[in-house]
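Trainee: I am new to this structure and would like a close look at one part of it. Please start with how open a single residue is to its surroundings, and then work outwards from there.

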Amino acid sequence: MPVPAPATWRIALSVPLPRLFDYRPADGASTPAAGCRVKVPFGSRSLVGFYVEAGTADPEGPELRTAEAVLDEVPLFDPPLWQALGWAAGYWQRPLGEVLATALPVALRQGEPLPDTRIAFWHLTEAGGTALAGLRRGSRPRALADYLAQGERDEAALAASIGPGWRDALRRLEARGLAASILRVPSREAHAPARAAPELSPEQAEATAAIDALAGRFAVALLEGVTGSGKTEVYLAAIEACLARGRQALVLVPEIGLTPQAIRRYGERLPVPVLVLHSGLSETERAATFARMARGEGRVLIGTRSAVFSPLPDAGLIIIDEEHDGSYKQQDGFRYHARDFALVRASGLGVPAVLGSATPSLETLQHARSKRYAWLTLRERAGGARPPRVRVLDIRSQRLEHGLSRPLLDAIADCLARGEQALVFRNRRGYAPVLLCHDCGWHADCARCDRPLTLHGRHRLICHHCGHRRSVPPACPDCGGLALVPQGAGTERLEEALAARFPGVPLIRVDRETTRGRDALGKHFDALGDAPGILVGTQMLAKGHDLPKLTLVAITSADEGLFSADFRAGERMAQLLVQVAGRAGRAQRPGEVWLQTHHPDHPLLQTLVTRGYPAFAEAELAERAAAGLPPFSHLALLRAESPHAEPLNAFLAAAHALAHALARAQGSAEVAAHPPMPAPMPRRAGRLRGQVLFESTHRPALQSLLRTLYPALFDLPEARRVRWSLDVDPVDLY
Ligand code: ADP
Ligand code: ZN
Ligand code: ZN
């Protein structure tokens, strides 16, 4: 029985409106499958959208336009991915079209076909076989022909075997009809890994077996392992088992963790090519990776946040390394959380997910405590390395030299004298965080943010919030005094002070200014080598590098985060301190960590230092429970900004009233909509900022309110006069 064509097509478009759009079917086209890309007119433009469902609009309606073309026979999203993305749009409150577009590499978003991922394999033709002996001995064409006579080869193999000039030689053979190529998908056959696995420790073996036991169904395991305990070896073993079952594996890593060193480690140890997805790839490469995964040619994908959208037709395992890392949360546009979305995908695909960290997020820990996640632990460092010793240095009465105390400088000197390396950590770039007038107390503020400007070098002031720059004034603008003094120390100042104190010692500064582009970090470490030396830098130093000679980690200030208004500041500080401390003594030499603080008795710091991260996390969880904060409640944050107070306040008041009315209509007394408040940073880049916080202990109640609130916000007349966004499960409250 022929299915009647639907009256209209309902299309998801990547435009900032929370709805689908009806179109008359494209001429002569049959109804596409859900998820197929469709080209449609929109205003004066032509957009690529996604077919969702049949519409009920009147096809004869005068304002209805006709779709231009259907671009796919088969949707780019397989059914589980399509479903998961639909869920994501609903959960994080974002137009479906925008979510779908975000999930695709730009080339595909713009309507290009799924790229051809076949590659050229070359062979000798019959004529080539006959002519071979006649080619001049020692020439490149002869070498190439000899090589091809052994069998068919891809171009990478030719380049490796012949060296420079191979392509020229190949062209000459091809022009004479002696060599020819065919396009084929590279073989999926496993090869022997370049490097053998170490023998797993009993803890590692146990964790691997536990993950293995979860194969074939959805389950989540938390792998909590101290820094250097060999979590990556557990991932590798679990991936091997997954590959042996004929399945694909996805590994998510934080942006900063995806170094060439890390990629090489996976590549060398696995018996299949490893595909990589990160911000350094071209759009062509991204589209090709998407295609290889979609066609099942790619078996292992390792990538940063957006890799969570990769097709996984043969999914077997999803790993999220450093699951606590803030870079998994997208902070603008479609504000998804890649870790949480990875779990939704694992659930839809019916495969296990592993969350790994030395410092798990409190959200994840709470799930492990309540037995929703399996809880695997690695307590020992791999290969016999010892945990570092931590010393708290009370600097209240100490004279600091550019932020460094005497005992700390002495410890660095001893470390260098032993032929070892020291890491000096300070999470502030620039020369000094404040420029102060010693005569009157004036300090240089950003005129657009009301926050102190950071001094860079001796002459430049830069706002770290909006990028505003100005030069240091010749005299204090308030009192005319000349005593403008830098207050506090950033990484530049530490570098200068350490260079003066330890002349001739190799010194490398690692922060956003000195470390740009892929593997800039790796190059820094190579430059340092094994010789005694000092690394000074920001949290870029916190992750994943093995520096066997690094035995001393100095944290110049442990105080940030102890008194912050953000309830997550303590958790973040603890994670950062533990991760940085974990750089010390990863090999045979024992490590020590020095912590400078003005608050040596602060209970948070005490618990962390004397009893470690797990005890700290327990204490924090107890406090969160008592205060009714996440993970014991769920938040959503409506943010708005405007250059003027009146439209901002009008919008926030209207939104708050609307939320109240909707909550009452739904009978959901469980959702609290707090009154509008200024944002913790009330002005930024010249815009006033405010927010309304929604909170509930019952996630479905909050979700149900947001579902009606979000589209209704677009209809508020006040919404047109401000910039606003909704952040579900916000991680930063500013
Ligand atoms: P993590 O990811 O937990 O910080 P890694 O997996 O990077 O730890 O391992 C830390 C170091 O210990 C690496 O150099 C790794 O090669 C080594 N290692 C891990 N497991 C073993 C093992 N079973 N035997 C010997 N060395 C190991
Ligand atoms: Zn002054
Ligand atoms: Zn500013």
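Mentor: Glu560 counts as partly exposed in this predicted model, because its relative accessibility is 38%, and partly exposed covers values from 20% to 50%. Along the chain, Glu560 belongs to the loop that runs between strand 28 and helix 17, the latter spanning residues 569-581. Leaving out residues up to four places away in sequence, Glu560 touches Arg426, Arg428 and Met573. Arg516 can serve as a reference point: Glu560 and Arg516 are 44 residues apart along the chain, and their C-alpha atoms are separated by 26 Å.

Strand 28 leads on to another loop. Residues 550-555 form this strand, and the loop between strand 27 (533-537) and strand 28 holds Asp546. Asp546 is partly exposed, because its relative accessible area is 43%. Once neighbours within four places in sequence are set aside, Asp546 is in contact with Gln261 and Arg586. Arg586 is 40 residues from Asp546 in sequence, while the C-alpha to C-alpha separation of the pair is 6.8 Å.

Asp546 also leads to ligand 1. There are 17 residues around ligand 1, and those that come nearest are Glu199, Gln204, Gly228, Lys231 and Asp546. Some distances to oxygen atoms of this ligand can be given. For Ser229, a backbone N or O atom lies 3.3 Å from an oxygen atom of ligand 1. For Gly230, the corresponding distance from a backbone N or O atom is 3.0 Å. With Thr232 the side chain is involved, and one of its N or O atoms is 3.1 Å from an oxygen atom of ligand 1.

Gln261, the other contact named for Asp546, brings us to helix 10. This helix covers residues 260-269, and Ile263, Tyr266 and Arg269 are buried in it. Viewed down the helix axis, the buried residues fall within an arc of 145 degrees, so they line one face of helix 10. Their packing partners are helix 9 (231-244), strand 11 (248-252), strand 12 (274-277) and strand 13 (300-303).

The zinc ions remain. The zinc ion called ligand 2 is coordinated by the SG atoms of Cys437, Cys440, Cys476 and Cys479, at 2.3 to 2.4 Å. In sequence, these donor residues follow the spacing C-x2-C-x35-C-x2-C. The angles among the four donor atoms run from 105 to 113 degrees, and the site is tetrahedral. Cys476 is buried, because its relative accessible area is 4%, whereas Cys479 is partly exposed at 39%.

For the zinc ion called ligand 3, the protein donors are the SG atoms of Cys446, Cys449, Cys463 and Cys466, which lie 2.3 to 2.4 Å from the ion. Here the spacing of the donor residues in sequence is C-x2-C-x13-C-x2-C. The four donor atoms subtend angles of 106 to 114 degrees, and therefore the arrangement is tetrahedral. For comparison, the ideal angle for four tetrahedral donors is 109.5 degrees. Cys463 counts as buried because its relative accessibility is 2%, while Cys466, at 22%, counts as partly exposed.

Definitions and conventions. Residues are numbered from 1 along each chain as its sequence is written. Chains are lettered from A and ligands numbered from 1 in the order in which they are written. This is a predicted model: local features need pLDDT of at least 70, side-chain atom pairs count only at pLDDT 80 or more; totals for chains, interfaces and linings use all residues. Side-chain values use heavy atoms; hydrogens and water are left out. Donors are N, O and S atoms within 2.8 Å of the metal (3.2 Å for Na, K and Ca); water is not among the atoms, so sites may look incomplete. Four donors count as tetrahedral if all angles lie between 85 and 135 degrees; four count as square planar and six as octahedral if opposite donors are over 155 degrees apart and all others between 65 and 115; anything else is irregular. Buried means under 20% relative accessible area, exposed over 50%, partly exposed in between (1.4 Å probe, protein chains only). Helices (H or I, at least four residues) and strands (E, at least two) are DSSP runs, numbered from the N terminus. Contact means heavy atoms within 4.5 Å. The arc is that of the directions from the helix axis to the C-beta atoms. A residue is near a molecule or strand if one of its heavy atoms lies within 4 Å of it. A polar contact is a pair of N or O atoms within 3.5 Å; within protein, one must be able to donate a hydrogen and the other to accept it, and residues adjacent in sequence count only if both atoms are side-chain atoms.
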